[in-house]
Amino acid sequence: MPDPHRTYEIRCPVHGFIRLNDWEKEIVSQPAFQRLRRVRQLAWTDYVYPGAMHTRFEHSLGVMHTATLLYDAIVRRSMPVLTSELAYNDEGLKRHRQLVRLAALLHDVGHGPFSHAAEELMPLKEDNTPYRHEHYSAALVRTHLRDVIENHALNANYDFKADDVAAILEGSSSARQALFWRELIDSQLDADRMDYLLRDSLHAGVQYGRFDLDRLIGTIVAIPGADGKGPRLGISEGGWHAAEALVLARYFMFTQVYFHKTRVAFDLHLQGALGNLLPNGRFPKPTANELADYVTWEDWKVLGLLSDGKGGDDGQRLSSRNHYREIFHTPESPNADDLDQLESVRSALGNLLVRDAEAEKSWYKTGKTDIPVISETRTKSVEPLSKFSSVVGNMKPIRQHLLYVRPEDCDAARTIRDNALGGASNG
């Protein structure tokens, strides 16, 4: 019988020691979770930032740890809201703390090889929209991980079903009271981005992704609901600068690391190679008869196939590091003149142009998803973060275009580009 009081420690370069109970340890030991050791967090980013070799395995542990810190802080600071609006008692909060830990631990278990870079190869659903890794995570929870979730001895204290964990991952109304905590896993104030920004920054050897996690934990609260809606996660007024820093850290990491021109090139090659390697150019679906095949696709398998000379021209370029070179890029938020220049260069390059990539991202969404900030005055008014922060309120989404040519065509392409731009250089 497992000891309900025993904990296990895993040393983490970001958070120090991360503690697990026997139930969580058994989940981590499952093949479906151990597979994450063979799924890199940042695909081929190590070809630009050599230290970025970390995996979804350590990130998943970090998200569980961070979500727990946030959960405990909210309970300490917002018990009246949790009691009055969600009818929580001490037992309910203790029970859902464990549920949040399980959901946070398993939120990324469905990632494909090389993480987000592979998501372009996900199959289509019946409504013609693509599956995402979250669909695979929920499917694996309901199948490969069902037994360890439902039949571990410690579950006698909670009586969780695999569907309870999957419902939080999916944001399903069947999560009922626990749906409130989904914002700890998927929102503009979630533990997922808090961990990956710090972790990716550390491993890449950059400072762009750093922010004050302790201050966020110390100021996160449950904001009372309005207009008949339930409560939301928010920040007390004293922490809005820390929330602002979180948004800015994400912006800097995307522009300086995730959208680095060479990293984008390797993502393009990986997608091309996977399209060549996968049957019908798509991953298996997250269905009962295809899921077992899907989980065989991880980094080691892809690297082995590339080592065997497979993957077409893109596979060869990955293996030899003979990647495409960026020949032109627009500003992050191009205006009409910038787009005219883009079209001129694109047209002039003709057959020399091999890839036309678009780095598109919205850094912060206002409206209903805007992080609410509650004042610390007697009025206790609630205003969106975008009203407190002029920086956040005025952030424009990135819609940068990048044009690529073969390395052997670079000299000719530069001449053509410069002529198209009237002698001005761009890259």
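The legends below describe an overview and several close-up views of a predicted model.

**Figure 1. Overview of the protein chain, with 19 helices and 9 strands.** The radius of gyration is 23 Å, close to the 22 Å that the globule rule gives for 427 residues, so the chain is as compact as a globular protein of that length. The C-alpha trace spans about 70 × 55 × 40 Å along its principal axes. Buried residues make up 53% of the 427 in the chain. Among contacts with a separation of 6 or more, 73% come from residues 24 or more positions apart. The accessible surface of the protein chain is about 19100 Å², and carbon and sulfur atoms contribute 47% of that area.

**Figure 2. Close-up of the crossing between helices α5 and α8.** Helix α5 covers residues 90–106 and helix α8 covers residues 162–170. Two packed helices are described by the angle between their axes and the distance between the axes. Here the axes come within 9 Å and cross at roughly 65°. The crossing of α5 past α8 is right-handed. On the α5 side the contact is made by L99, L102, A103 and L106, and on the α8 side by D164, V165, I168 and L169. Sorted by class, the contact has 7 nonpolar residues, 1 charged residue and no polar ones.

**Figure 3. Close-up of helix α6 (residues 133–142) and its cover.** Of the 10 residues in α6, 7 are buried, so the helix is largely enclosed by the rest of the structure. The buried positions are H133, Y136, S137, A138, A139, L140 and V141. Their cover includes α5 and α8, along with α7 (146–150) and α13 (291–294).

**Figure 4. Close-up of S201 in helix α9 (residues 191–204).** S201 has a relative accessible area of 1%, and counts as buried because that value is under 20%. Leaving out residues up to four places away in sequence, S201 touches Y196, V206, Q207, Y208, G209, R210 and M253. V257 is 56 residues from S201 along the chain, and the C-alpha atoms of the two are separated by 8.8 Å.

**Figure 5. Close-up of A273 in helix α12.** The helix comprises residues 261–277. A273 is buried, at 1% relative accessibility. With residues up to four places away in sequence not counted, A273 touches L306, G311, D314, G315 and L318. Q316 is 43 residues from A273 in sequence, and their C-alpha atoms are 8.6 Å apart in space.

**Figure 6. Close-up of A43, a loop residue between α2 and α3.** The flanking helices are α2 (31–34) and α3 (56–77). A43 is not a glycine, yet its phi is positive, at about 50°. The relative accessibility of A43 is 1%, so the residue falls under the 20% limit and counts as buried.

**Figure 7. Close-up of N280, a loop residue between α12 and α13.** N280 is a residue other than glycine with a positive phi, near 65°. The relative accessible area of N280 is 79%, so the residue is over the 50% limit and counts as exposed.

Definitions and conventions
Residues numbered from 1 in each chain as written. Predicted model: local features only at pLDDT ≥ 70, side-chain atom pairs only at ≥ 80, totals over all residues. Heavy atoms only, no water. Axes fitted to C-alpha atoms, helices over the stretch in contact; angles between N-to-C directions. Helix = DSSP H or I, 4+ residues; strand = E, 2+ residues; numbered from the N terminus. Left-handed = near helix turned anticlockwise from the far one by under 90°. Contact = heavy atoms within 4.5 Å. Nonpolar A, V, L, I, M, F, W, Y, C, P; charged D, E, K, R; others polar. Rg over C-alpha atoms; globule rule 2.2 N^0.38 Å. Buried < 20%, exposed > 50% of the residue type's maximum accessible area, 1.4 Å probe, protein only. Areas by Shrake-Rupley, 256 points an atom, 1.4 Å probe, with all protein chains shown as cover.
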